[in-house]
Each structure stands twice: as structure tokens, then as C-alpha cells.
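Student: Before we look at anything, could you help me see how each label earns its place, by setting the computed value beside the rule it has to meet?
Tutor: Gladly; let us take the labels in turn and argue each one through.

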Amino acid sequence: MAPKKAKKTKQQLEEERKQAEEAARLAQEEQLRLEAQEQARQAAEEEKRQQLIQVQTEQEDARLASEREQLVEAFAALDAKCAQERQLQREAESWERTLQCSPLPDISDAPGLHAYFAEATSRQHKDITSVLHTCQEYCTLIRQSQQQRLAALQTGDENLQQHCQKCVQQWRGVMNDAIDAYTACILQCDKFGAERLILQNMEDYQEDASGIQVFSQTSSLKYGLWINTTKNPRLKAVEFPQLGISLEIPKLIALASVAVRVQWRESDEHLEECTTNLMAMGGVLHLDILSLPMPACQSNGWTLRAVTPDTQFIHRLAYPMPPAGADPETWVPEEEPQPIGISIALPHGSILPGTSPQAAFWDGKAQAWSTEGMSGGNSSDASGVVAFHSKTVGRFAVVSERTGLLPYQEWHVRPTGGQFGAEATVAIQTSNPEMALGFQVTKQGIQLVEPRIRRLDSVRGRTFSAASALLFELMQLGVYLVPQLRDAGPAGLGLKAPEVARAMCDDVALLASTHLITGSRWNKQMGPEVCLCRISKVVDWTEGGRTEAAHVKRIFSREHSSGPHQVSALMRRGVKGVAFADALDKNKDCPAVPEYGMPEYDSKPLGRLYASMPALLSSTAALQEVAEDTGSAPEAVLICLTFLVYSIADTAKEAFYEKFQSVPRAPENV
């Protein structure tokens, strides 16, 4: 049996405690010493790195400033050519208006606008057709203002943007006032007085057992008014066959002393203000129930008419209509109202292929299109007739997602006019498989060449002097290629810094007549201050130039690192400059952006910044080549390409995201 271990005395235990405390103190001191030593080392390294960064940035800034100085004259000449071409475009548009003998002023002509406004608002109209004719002029001015605003957004002219927006609001207000005022006049035309004779002498007038109808239309407007003079409980429908509009009338309306007005307007008036991701396709239908003024009566040969606010102004009623004496704001119907049936023939091809449209009404409080209480809305593309039911009145439309074409799956820019031809094609494959877009930029301007669908027949093949004009026409047709910043969220995209995106677009536009250009799948992951694209210089012009769409696909899918079809990745790093990058799509990992403070920053060819794309591609010699190529034809080519690439080409992948509120989305591998 082992002997028992002697018990430690108090002195021994105290000594051990002191030794442990001393060891812990020494260990803590050593740890603090090592930490201080490490902090001092890191501080020294950081100071050294900051000194290196300062040296690198100063040397780089000096080199970039020298490069910019060498390119000032060349870029100034190029800017002058672009400004000259814009002036020629404005003069051509002015001459075209002169040849057409148009009474409409130019949007930028403030005195002319004021003179036209005074003359148009003082016109005396004999019938609704003359009213709509004047309103058609207003619609034309609205379109011109919207188109000019789109161009001003690209150039950054904020004053012109505000002026155009003010013009749009003004002309819409004047148009609504003109239609409402004449509607109030028509509602005075009862069975007595000279007004009745005026009404009966109208060409677009019809009276039968269902009541009185007045109707008219222009290319951008349709107007129909039904006055319920019979109160026939058996009346089921009111039809305007001349307008392609019909209504199923509930008994509540058939028995009421009311009028029903329908208006169709070609453009989506709520496109800018809509807070949801929806837009109207095929125009907007306005449906109003109007109260009738007190009827006139005859006494001793006199016609007596009560003068009330309804005499000069219309009074809209809600549906379902509250009983007499009830507060329209608080009244709630006791039973579910019978819905109003609406059928309208939209312009042929209004529904784009590959979309899922639905009927909706405009919710003024929410500032959005809403489908609550709506049913139907399907359309046969062959007939274009849309039928739906609603439990309210107001503004209706067939709506679809505004960002339905986004994100873009692929895009490229390629020269198509041969060497020194100054022509190019911009091709975009959208998220809709049936909407592959192709734009041809020529010496005369820009054309839409694809897709060949009926909806786009009115613009396909037409030459537009400015890309903004074509994009605006496409937007009116439901092809929304100028999304706003608010559309980034629904499309699942982040944004590039606007000034970086603009600088990258200018770079790409300079190379468009000599290089094949497409996007990079790494661009989305590079953050807001870096943009990426891939290029391949066209060198075999004598063989016709490998510039067809099939060549673009083959060259960028192979991504040769050398040879005549070499593919390079270009990076714009903020507004400071551009560089080559190790960012080909075949790479397995996302490339790292070179950082200042690294000793190898200056020595690495990939990531070395240059002041501009021409400076990157062999300095001034490349700029001279680019200038010769773009300068051999009118500068409309460069202008169109700059705007197209800026507002369309890579907004999906965010390399050229449109800065205007806008608006011009790509799968994870693009």
C-alpha cells in the first residue's frame, strides 16, 4: 500500500500562487510586447504602402494627364463633328416641318409655343370632330416633347428636360379641358333650342331607341358619348362600332339620367408616374359616367334653362352611383354592384408575342395600375379585341410588365459597312425569346431591322436621324428599352455609377467601327465603379471582314488569346481610365481588380490604367485610326452608337446602365 502524499502547507500553497501569478504577468507582458511589435510593423507597412500609393497615384495621374493632353485636340475635333451633325439634324427636321406646312411650332421655340397656345385655345369648335382635330395637334406636341426629353436625358440637359416635361403636362391639361368643355356643351342639347339642331346636323351623330350617341376619332384619339334619354330597363349594351368599343350596361346605369363617355388615347399617360412594374399596351381607355344637367322647358314661347355648374363643366359620377343625398366619399353599397362589361379593339399587334397581358384600372391614390375587381382581359392577337369586366369606372388598359424584356441575355456591336464604312449593327437578345432586336446604324441615321413582328411594322425599316426618336417610338409600341433607375429592383440588378457608365459608353462608341464588342459575364460582380466588356479587332477587311452575327458568336465563344481574332477584356475603372483585364468569360473565377499599394501594380500589364480607349490601344495612333473610320461618314453614326450603347446595349449587365432615372437587365453567367 502506497504511502500517503504529504499535505502542502499554507506557505507552500501561497508560494505556488505567487509563482503562477508571476508567470501569468510575464506572459501578458510578452503578449503585449508582441502585439505592440506587430502593430508597429503593420503601421510601418501601412505607412510604406500609403507612400507607395501616393507615389503610384501621382505618377499615374501625371501620365494620364499627359495622355489626355495629347488627345485633347483629337477629341475636340470629334466633339465638334458631333455638334455639327446634331445641328444638321435639327436643320433637317426644321426643313421637314416647313415642307409639311405644319402649323405646329418647334418645342424649343418658346415664342412660337406661346403664340400657338393662344391661337389653339381660342378656337371655336362647331363639332366634336374639330375638337379632336385640335387635340390631335396637342398629341403631336406631347409626343415631340417626350421625344425631346428623352434626347435631353442622354445629353444631360436638365433645363431642356424640365421644359419638355412642363410642355407635356400643359398640353395634356389643355386637351382634357377642351374635350370636357365640348362634352358639357353636347349635354345641353336636349329636345329644345338651337343646340338640338346643331347636334342633329353633326355627321358623327346617331339617335335611336337606346338614346343619343356622338362619336369621332383621329389617329391618336377616339371619342364616344352615349346620352341616356330613354331609360330603357331592357337596354343591355351600348355599342360604338365605328370606334371598335362596346359596353355592357348594368340596369343601374340603364335607368339613370346619365351619360357615358368613352375615350381611347394612344399613349400611356401614366408611364412615368406608375409606382409598380406595369405599363399599358395598346393605349388607355377612359370610361366616365356623367350627370346630365337639368332639362330645359318651354313656357309662353320661351325656352327656360337652369344655369348650374353642369352647364359649363362636366360632373363625373362614381360607380356604383350613390343615392340622392348620400355622401359619395363615405357611402357603401349594400349589395355587390353588377360589373360593367367593356370590349375594345386594340390596334393590330398591340400585344407583343411572349407576354402575358391582363386588364387593369388606374388607381389614382396608389399611383399604380391595379387588377382588383377586374376579370378577363385576354386578347386574340388575330382580332385584337380585348373584353373584360370592371366594378368601377376610370382609366383602363391592358398591362404587361414594364421590364418584361429584361434582363438581356446577350448583346453585341459590330461594324457592317466594311473598312472606313462607318456603319454598325447593335444586336440584343432580350429575356423574351421572340424579341431579338437588331439596329442598323448607317450614314443617314438608324433603323430597326429585327424582329419581324406585326406590332413593329410601323417603325421597322424607317430611318431615324436620332436614336432617341426610334427608342421613343418603340416605347410607345410597348417595347420598353429605356428603363429607369426604379426598374433595377424588379429586374434584379444593381447599378453602375452613372458617370462611369457614360464614360464606358463613350469608349465603346469610339471602337464601334473597327472592333467587335460584346459584354462580359463578370461585369455584374465588379461593383458600381468598374465596367467590363470584351472586344476583338477586325483585321481581315479584304476578305469582307468577319463581322456577321455568326462570326461574332464564334469569335467570342472561342476567346483566342492571340492571333487575328484575339479577344481582350477591357475594364473601365471609374472615370479615371481604362485597362486590359484578365476577365474573359472562359475564366473560372471573377478577376480581382488591381489595387494601389501593390509593388507589382505598375509592372502588371493587366490593370495598367490609360486615359482613354484609344490611348490603351496604342495611344494616338489608335485614335487617329478611329477618327478616320468615324470621320469618313456623317457623325450621325457616332451619335447613334453612343446613345444606343448607352441606353440599350449593356444596361442588362450594367456596364452601360442608362442614368436617366431611367431608365435602358442578364442571367448569372452573363
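Student: What makes the largest cavity a cavity, and how much space lies in it?
Tutor: In this predicted model, the space in the largest cavity comes to about 120 Å³, and the word cavity is used because a 1.4 Å probe fits there but cannot get out. Its lining includes Cys-139, Ile-142, Arg-143 and Gln-146, along with Arg-172, Met-175 and Glu-269. Helix 3 (128–155) and helix 4 (158–187) are the elements that give two or more residues to this lining, and helix 3 gives the most, with four residues.

Student: Which classes of residue make up the lining of the largest cavity?
Tutor: Sorted by class, that lining has four nonpolar, three polar and five charged residues.

Student: What lines the second largest cavity, and how much space lies in it?
Tutor: About 80 Å³ of space lies in the second largest cavity, and among the residues that line it are Met-279, Met-281, Ser-400, Glu-401 and Tyr-480. Strand 7 (278–291) and strand 16 (394–401) each supply at least two of the lining residues, and by class the lining holds five nonpolar, four polar and two charged residues.

Student: What makes the second largest pocket a pocket rather than a cavity?
Tutor: The name pocket is used because the set of points is open, with protein on both sides within 12 Å along at least five of seven lines. The second largest pocket has a volume of about 530 Å³, and of its 34 lining residues the closest to its centre are Gln-146, Arg-172, Asp-268, Leu-271 and Glu-272. Helix 3, helix 4, strand 7 and helix 8 (467–476) each supply at least two residues of that lining.

Student: How do you know that the count of disulfides is zero?
Tutor: A disulfide needs two cysteine sulfur atoms within 2.5 Å. The cysteine sulfur closest to that of Cys-135 is in Cys-139, at 6.9 Å, so the two are too far apart for a bond. For Cys-164 the closest cysteine sulfur is in Cys-167, at 6.2 Å, and that too is too far for a bond. By this rule the count comes to zero.

Student: Why are Cys-135 and Cys-164 called buried?
Tutor: Buried means a relative accessible area under 20%; Cys-135 has 0% and Cys-164 has 0%, so each one meets the rule.

Student: Why is Val-168 of helix 4 called buried?
Tutor: Val-168 has a relative accessible area of 5%, which is under the 20% limit, and therefore the label holds.

Student: What makes strand 17 and strand 18 a pair?
Tutor: Two strands pair if at least two bridges are found between them, and strand 17 (residues 410–415) and strand 18 (residues 424–429) are joined in the antiparallel sense over six bridges, so the rule is met. One of these contacts sets Arg-414 opposite its bridge partner Thr-425 in strand 18. Strand 18 is also joined by six bridges to strand 19 (residues 436–441), again running antiparallel, with Ala-427 standing opposite Gly-438. Strand 18 and strand 19 form a hairpin with six residues between them.

Student: How do you know that the buried residues of helix 11 line one face?
Tutor: In helix 11 (residues 549–558), His-551, Val-552, Ile-555 and Phe-556 are buried. Seen down the helix axis, the buried residues fall within an arc of 110°, so they line one face. Lys-553, Ser-557 and Arg-558, on the other side of helix 11, are exposed.

Student: Why is Lys-231 called partly exposed, whereas Glu-559 is called buried?
Tutor: Partly exposed covers the range between 20% and 50%. Lys-231 has a relative accessible area of 39%, so it belongs in that range, while Glu-559 has 2%, under 20%, and so is buried.

Student: What makes the phi of Lys-231 and of Glu-559 worth a remark?
Tutor: Most residues other than glycine have a negative phi. Phi of Lys-231 is near 50°, a positive value, and phi of Glu-559 is near 50°, also positive.

Notes
Residues numbered from 1 in each chain as written. Predicted model: local features only at pLDDT ≥ 70, side-chain atom pairs only at ≥ 80, totals over all residues. Heavy atoms only, no water. 1 Å grid on protein atoms, 1.4 Å probe; cavity = no way out; pocket = protein on both sides within 12 Å on 5 of 7 lines; lining within 4 Å. Points joined across faces, edges and corners; volume = space filled by probe spheres on them. Nonpolar A, V, L, I, M, F, W, Y, C, P; charged D, E, K, R; others polar. Buried < 20%, exposed > 50% of the residue type's maximum accessible area, 1.4 Å probe, protein only. Arc of directions from axis to C-beta.
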